Amino acid sequence: MTTATATTAIPETTERAEREEERERERESRNLRLVRRAYQAFRARDVGALLATLDPRVEWVHPDGMAEYGLGGTQRGHDGVREFLSRVPAVLGGMRLEPREFVAAGDRVAVFGVREVTSVRGTSATLSFVHSWVLRDGLAVRMEDIFDTVEFHRLIES
């Protein structure tokens, strides 16, 4: 009797694990779609569509090393994101993000890419970035921008 119970428990455990793995893949796929929509909105300069991908209490995080330009630290909520985005034109003449690789794991999506950046004086450069997104209930609750601030400072000042 014990042997029969153990034998039937293994397929049930395997099926349960397979269902859980499938749910995880579906969640990661939804998260990837959401993050891709955020980049599409950013590329289109559609702030409303960008905010639609973000939780109303989102944390929008940039390196503290950008504070002297008003672009460092953590902004909170949709108003914080709008405020951050409104400061960018005073510092940069233009910017285009090119996400190249998306890696999803659970509620996190890491994006590796480059940004084509132009200073207000017209100097352009291609700079690498990593964006770390945390998602919950179908919205981004945190986006952290990770990049070389020294390289960014050189471009801004050129």
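Helices (H or I, at least four residues) and strands (E, at least two) are taken here as DSSP runs, numbered from the N terminus. The model is a predicted one, in which local features need pLDDT of at least 70 and side-chain atom pairs count only at pLDDT 80 or more, while totals for chains, interfaces and linings use all residues. Residues are numbered from 1 along each chain as its sequence is written, and side-chain values use heavy atoms, with hydrogens and water left out.

**Exercise 1. Place His131 in its strand, decide whether this residue is buried or exposed, and find the polar contacts of its side chain.**

Step 1. His131 belongs to strand β5, which covers residues 124–136.

Step 2. The relative accessible area of His131 is 4%, so this residue is buried; the term buried stands for under 20% relative accessible area, exposed for over 50%, and partly exposed for what lies in between (1.4 Å probe, protein chains only).

Step 3. A polar contact is a pair of N or O atoms within 3.5 Å, where within protein one atom must be able to donate a hydrogen and the other to accept it, and where residues adjacent in sequence count only if both atoms are side-chain atoms. The side chain of His131 has such a contact with the side chain of Tyr39 at 2.6 Å, and another with the side chain of Asp145 at 2.9 Å.

Step 4. With contact meaning heavy atoms within 4.5 Å, and with residues up to four places away in sequence not counted, the residues that His131 touches include Leu97, Val109, Arg115 and Met143.

**Exercise 2. Trace the salt bridges of Arg142 and state which strands the pair with Glu59 ties together.**

Step 1. A salt bridge is a side-chain nitrogen of Lys or Arg within 4 Å of a carboxyl oxygen of Asp or Glu, and the search of the whole structure finds 7 of them.

Step 2. Between Arg142 and Glu59 the closest N and O atoms are 2.7 Å apart. Because Arg142 lies in strand β6 (residues 139–146) and Glu59 in strand β1 (residues 54–62), this pair ties together parts that are 83 residues apart in sequence.

Step 3. Arg142 also forms a salt bridge with Glu144, at 3.2 Å between the closest N and O atoms, and Glu59, Arg142 and Glu144 are thereby linked in a network of salt bridges.

Step 4. Arg142 is partly exposed at 26% relative accessibility, Glu59 is partly exposed at 26%, and Glu144 is partly exposed at 25%.

Step 5. In another salt bridge, the side chains of Asp55 and Arg57 meet at 3.7 Å, N to O; here Asp55 is buried at 11%, whereas Arg57 is exposed at 64%.

**Exercise 3. Check the span of helix α3 and determine how its buried residues are arranged about the axis.**

Step 1. The expected span of a helix is 1.5 Å times one less than its number of residues. For the 15 residues of α3 (residues 77–91) this gives 21 Å, which agrees with the 22 Å between its end C-alpha atoms.

Step 2. The buried residues of α3 are Gly77, Gly80, Val81, Phe84, Leu85, Val88 and Val91. Seen down the axis they fall within an arc of 135°, so they line one face of the helix, the arc being that of the directions from the helix axis to the C-beta atoms.

Step 3. An α-helix has 3.6 residues a turn, so residues three or four places apart point the same way.

Step 4. The face of α3 turned away from its buried side carries the exposed residues Asp79, Ser86, Pro89 and Ala90.

**Exercise 4. Describe the buried side and the N-terminal cap of helix α4, and then find the contacts of Tyr69.**

Step 1. In α4 (residues 149–157), Thr149, Phe152, His153, Leu155 and Ile156 are buried. Their arc, seen down the axis, is within 165°, so these residues line one face of α4.

Step 2. Among the elements that cover the buried residues of α4 are α3, β3 (92–105), β4 (108–119) and β5.

Step 3. Asp148 caps the N-terminal end of α4, with a side-chain oxygen 3.0 Å from the backbone nitrogen of Val150.

Step 4. Tyr69, in the loop between β1 and β2 (73–76), is buried at 14% relative accessibility. Apart from neighbours within four places in sequence, Tyr69 is in contact with Val91, His153, Ile156 and Glu157. Its side chain makes polar contacts with the side chain of His153 at 3.4 Å and with the side chain of Glu157 at 2.6 Å.
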